[in-house]
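Visitor: Could you take me through one small part of this protein, slowly and closely? I would like to see how a single spot fits into everything around it.

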Amino acid sequence: MKSLKTDGIQKLDIVYTRPENGGTRVYKTFTEADDVQAVLNILQGAGLQAAEKQEPTGGWTLLVRIWPVAQANEIPEPLLISSVGDTEVHIGSYAYTAKSAAYFADLLALFESSAAEEKPYT
C-alpha cells in the first residue's frame with residue numbers, strides 16, 4: 001500500500017457495524033489533521049500483503065472512506081478501505097491480508113474514543 005499523506009486528504013469517515021441491535025452501522029467524520037494522521041498510521045502499520053483471493057467477499061465490519069482534496073474541477077472520489085473478519089482487508093476491489101488483527105482493534109479504539117459526533121449510517 002502506497003504511503004498516504006495528510007496534506008492530500010480533506011477528511012475521512014470511519015463507518016462501523018456494531019454487532020448489538022441487529023448490526024447497526026454508525027459513522028464519524030474526522031477532519032482534524034491529528035485524527036487523520038492517527039488513522040493513516042494505523043493503516044500503514046497493518047503490514048498489508050496481497051492475498052491470493054482478489055474477489056471481495058460480501059459484508060464488512062469497518063469501512064474507512066478517505067476523501068482527497070479536490071483538484072481544479074475534479075470531483076473527489078473516496079478511497080474505500082474495508083475490513084472483513086479479523087485480517088481480511090479490501091482496498092478498492094483488491095483483497096489484502098493484514099499481518100495481525102491489532103490494526104482493526106486500534107481503529108475501533110480510535111473510533112470509540114474520538115470526540116467527533118457519531119451519526120447513524122444508512
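Guide: Let's begin with a pair of side chains: those of Glu 88 and His 90 are joined by a polar contact of 2.8 Å. Keep in mind as we go that this is a predicted model. Glu 88 belongs to strand β6. Is Glu 88 buried or exposed? Its relative accessible area is 19%, and the cut-off for buried is under 20%, so Glu 88 counts as buried.

Now look at what lies beside this strand. Strand β6 covers residues 88-91 and pairs with β5 in the antiparallel sense, over four bridges. One place to see this is Val 89 in β6, which is the bridge partner of Ser 83. Three residues lie between the strands of this hairpin, and there Gly 85 takes a positive phi near 75°.

Stepping across β5, we meet another neighbour. Strand β4 (residues 62-68) runs antiparallel to β5 (residues 79-84), and five bridges join the two. Here Arg 65 stands opposite Leu 80 of β5.

Let's zoom out to the sheet. These strands are part of an open sheet of eight strands, paired antiparallel in the order β3-β7-β6-β5-β4-β1-β2-β8. At its edges are β3 (49-50) and β8 (119-120), each of which pairs on one side only. Edge strand β3 is held by two bridges to β7 (residues 94-97), again in the antiparallel sense, and Ala 50 stands opposite Tyr 96 in β7. A helix packs on the sheet as well: α1 (residues 33-44) touches β1 (9-17), β2 (25-30), β4 and β5, and its direction makes about 65° with that of β1.

Finally, the nonpolar residues. The largest nonpolar core has 26 residues, and among those with the most contacts inside it are Ile 14, Val 39, Leu 62 and Val 64. Our strand β6 is one of the elements that give two or more residues to this core, and others include β1, α1 and β4. The element that gives the most is α2, with six residues. There is also a second, separate core of five residues, including Val 15, Trp 60, Leu 63 and Val 84.

So that is the route from one contact outwards: Glu 88 and His 90, then the pairing of β6 with β5, then the sheet of eight strands.

How values were computed. Residues are numbered from 1 along each chain as its sequence is written. This is a predicted model: local features need pLDDT of at least 70, side-chain atom pairs count only at pLDDT 80 or more; totals for chains, interfaces and linings use all residues. Side-chain values use heavy atoms; hydrogens and water are left out. Two strands pair if DSSP finds at least two bridges between them. Buried means under 20% relative accessible area, exposed over 50%, partly exposed in between (1.4 Å probe, protein chains only). A polar contact is a pair of N or O atoms within 3.5 Å; within protein, one must be able to donate a hydrogen and the other to accept it, and residues adjacent in sequence count only if both atoms are side-chain atoms. Contact means heavy atoms within 4.5 Å. Axes are lines fitted to C-alpha atoms, for helices over the stretch in contact, and angles run from 0 to 180 degrees between N-to-C directions. A nonpolar core is a set of buried Ala, Val, Leu, Ile, Met, Phe, Trp, Tyr and Cys residues joined through side-chain atoms within 4.5 Å.
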